Every structure is written in C-alpha cells, then in structure tokens.
Amino acid sequence: MRTASDQAFGVYIHWPFCLSKCPYCDFNSHVRHAAIDEARFARAFAAEIAATAARVPSRTVSTVFFGGGTPSLMQPATVGATLDAVARHWTIAADAEVTLEANPSSVEASRFRGYRAAGVNRVSLGVQALDDTALKQLGRLHNAREALDAVKVARATFERYSFDLIYARPRQAPQDWAVELRRALAEAGEHLSLYQLTIEPETPFHALRAAGKLATPDEDTARAFYDVTQEVCAAAGLPAYEISNHARPGAECRHNLVYWRAHEYAGIGPGAHGRLDIDGERHATATEKRPESWLMRVEAMGHGLISDEALTREERADEFLLMGLRLAEGIEPQRYASLAGRKLKPRRIAQLAEQGAVETTADGRLRVTLAGFPLLDAVVADLAA
Ligand SMILES: C[S@@+](CC[C@H](N)C(=O)[O-])C[C@H]1O[C@@H](n2cnc3c(N)ncnc32)[C@H](O)[C@@H]1O
Ligand code: SF4
C-alpha cells in the first residue's frame, strides 16, 4: 500500500556560488569576482525544470530545497522566479516545505523577508561554531554574534528554521563541545544539523593535516564526541532522527527525508543529482558541475544533464539500504526484498544484532542502534554483501 509519504517528490535547486571558499568544504561551490547574471541563471533553472517535468509530469511537489553553495546570495526575485517555474510545471502541495540554505551574516539576514514573500518557509543556517577563534579557523566570514543575530531574524521571519554546527574541530575537546552544544540548543528551534568535521580530499584542511598542522580526533575521541552529541540533544528533546540530524519528533527536514527514504526527486542546477521514476525504472541523473558550462549546456539543449542511467535492481536496493539505515526509523526489510529480488540474510542480521549494531523493532523494521551508527558504513557493507 502506498501512503502519502511514499509519494513524496522533492525538487533540489543548486546555487553554486559563495563569497569565499571554506578550507574544509568540497561542495560544488565557486567564488566569482564579477557580478553573477542572476536573470540568466533564473532562465536556465526554469528551462531545466521544464525539461525535467516533461520526463516526470503530473507530480505533486512536497518539498523544495535551495542548497549550495550559498543560496542566500540569490536575490529574492531569483528565488521567486524559480519557485514560479516549479509551480508552472508541477503542482506544489499546499503544505509544501520550501527550504533555503543561508549563511548567517547580516547582509543575508536582510534578505529573509524577501525570501518569505517569494515562498520560502524554512531556512537552514550554516552557523558552524559559536566560538570566534574556531570560526576564523574554519574560514568563515561571520562571527558568533552575527550568526546568532541571523538566527534571531530567522526565528522572527520563518515558520521553521534550523542551523548547522561542525564538531570535532581542531583543538576542541568533547567537554568543550558539550558546553557549546548546550548554548546552541538554547538558541535552536526544533531542528539542528550536527556534523563531525570530515577532512575531504583536495581541500586545504587535507593538505594541513598531511603537513601535520591539523590534528583530528582518534577513534575513541570521535566516539566520545558522538556520544556527547546524542546525550545532550536527547536530553533537550531533539533526538537524532538521522546520523547527523536532530529534531523534535514531527519537525524533521522533510526534504532530506525524501533522500533517506529513497523517494523521488529532481536535481536542478549545476552539479545537482536527481532520482526520477520513468517507465517503471529509477533513473540516477547528474548535471554538469561547472556553473558557466552548465549554463551553456542548458541554453543549447534545454538541460544540463551529463549522466542519466537506469539503476539495476541491485544498485537500487543497495542505495535504499545505504540511505535508509542512516535514519533512526530504519528500513522495512520487505521493501529491500522487493527492490533487490532477494531478502536480507537472516544470519547476518542476527550476527550484527548480537554485536549490538542493529535491532529489529516491534513493527518489524530493521534499524542501526546508537552504538552501531559510528560503524554505519561497515554495517551496510555487511548487510548488502
Ligand atoms: C552546503 S554546506 C552549506 C551551506 C552554507 N553555504 C554555509 O556554509 O553556511 C552544508 C553544511 O555542510 C557542512 N559541511 C560542509 N563541509 C563539511 C565538512 N568537511 N565536515 C563537516 N561538515 C561539513 C556545514 O555544516 C555546512 O553548513
Ligand atoms: S561551507 Fe558553505 S560557504 Fe563555505 S565554501 Fe562550502 S558551501 Fe560555501
């Protein structure tokens, strides 16, 4: 039986520019010193939305997410024109969640009312730290005061807001993080994203670590960071619903749930990924990453796709497992079986359960335990084998 949430359809729109590049970040974000021709981008977004809707018509959009990069550098009119294009080609549900990622500076906060008027009803702010020295080290352009002021404006402007923090930073101890997290929770609404610092290849942080100038926590310390995060958030009524995301029950980010529950979504803009159901097959789509090349492709061909592949049953089932086991709610083993054409092996489940890494809930769902979350990749690999 299909439920309303089974039919969720999300639209992701990527804004690929930032004012400066943070030294830890490997997202598809670019710094441009010349002015960005936003009207040209808005036309290209509309063209790509039209081309995608021609392939997956008659959808009801449950969520839209402007991600980046720094979408809060967009003019509200660009956001409005893009939402208008979504509404022209699909139906936007009356209760749709429309999120925009924002950097927490005063300039950006001054655009919040414009975004609300354009149809945005949720913002996600990249606060990253509440400590000025740490913010400098992370290469951020805002200080803690400015970030908290932007949170205040978000709270006054939108029905829902969230902010991101990065922990396990250089020279941070788990006890320091506990104090910072409690301060953050005092400012938080109903949702927080808490990411353990990842050292991504080919970033300046990677080079610094290789040169011995940036220490990252050993396994036990990383575990202590993770445990502190769970304890402090659960005590504040914001338990983890996903490995890095915390919310009061009912306040989860519905757009991200589209990914983790392996529902359908369109990826619009440079370097965006999509999953589209066409003629009974699930297509994995990806667009050209370089912003100017993406623009030229869209202008020449009506879309910026560089890959579009129907997933095999096995690929689809593995993806379902990988994404679904990130969620505290876990997965329905029957859905895996119907995607893969085979069941998960009971012996492997039993072994992992014995090790305390997974559990089966009363209603038959399979989920990773809190103790198992830090070992998620190994657990998924074991189950999928
Ligand atoms: C697309 S980014 C950011 C949105 C916005 N541009 C900003 O920086 O505020 C989404 C989030 O990913 C997190 N992030 C990015 N790179 C990371 C890394 N290497 N380790 C941990 N978290 C990271 C940050 O918390 C960031 O807010
Ligand atoms: S973390 Fe955000 S602001 Fe920094 S480079 Fe990445 S996308 Fe841009």
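This is a guided tour of one predicted protein model, with suggestions for what to select at each stop.

Because the model is predicted, local features need pLDDT of at least 70 and side-chain atom pairs count only at pLDDT 80 or more, while totals for chains, interfaces and linings use all residues. Residues are numbered from 1 along each chain as its sequence is written, chains are lettered from A and ligands numbered from 1 in the order in which they are written, and side-chain values use heavy atoms, with hydrogens and water left out.

**The whole chain**

Begin by selecting the protein chain as a cartoon, where you can look for 15 helices and 14 strands; helices (H or I, at least four residues) and strands (E, at least two) are DSSP runs, numbered from the N terminus. The C-alpha trace spans about 55 × 55 × 40 Å along its principal axes. The radius of gyration of the chain is 21 Å, which agrees with the value near 21 Å that a compact globule of 385 residues would have; this radius is taken over C-alpha atoms, and the globule rule is 2.2 Å times the number of residues to the power 0.38.

If you colour the chain by accessibility, 52% of the 385 residues count as buried, where buried means under 20% relative accessible area, exposed over 50%, and partly exposed in between (1.4 Å probe, protein chains only).

**Around ligand 2**

Next, select ligand 2 and the residues near it, meaning those with a heavy atom within 4 Å of it. Among them you will find Cys18, Cys22, Cys25, Lys21, Gly69 and Arg140.

Keep Gly69 selected, because the peptide bond leading to it from glycine 68 is worth a look. That bond is cis, with omega near 15 degrees, whereas most peptide bonds are trans. Glycine 69 itself sits in the loop between strand S2 (60-68) and helix H2 (76-89).

**Salt bridges**

Now show the charged side chains, since side chains of opposite charge can pair when their charged atoms come close. The count comes to 19 salt bridges, each being a side-chain nitrogen of Lys or Arg within 4 Å of a carboxyl oxygen of Asp or Glu.

Which parts of the chain does the pair of glutamate 97 and arginine 160 tie together? The two side chains meet in a salt bridge at 2.9 Å, N to O. Glutamate 97 lies in strand S3 (residues 91-102) and arginine 160 in strand S5 (residues 160-167), so the pair ties together parts that are 63 residues apart in sequence. Glutamate 97 counts as buried, at 1% relative accessibility, while arginine 160, at 24%, counts as partly exposed.

For another setting, select aspartate 149 and arginine 145, whose side chains meet at 3.3 Å, N to O. Both lie in helix H6 (residues 144-157), 4 residues apart, which is about one turn of the helix.

**Two residues with positive phi**

Most residues other than glycine have a negative phi, and the last stop shows two that do not follow this pattern. Serine 58 has a positive phi of about 60 degrees and lies in the loop between helix H1 (38-55) and S2. Alanine 168 has a positive phi of about 65 degrees, and its place is in the loop between S5 and helix H7 (174-187).

Is each of these residues buried or exposed? Serine 58 is exposed, with a relative accessible area of 71%, whereas alanine 168 counts as buried, at 2% relative accessibility.
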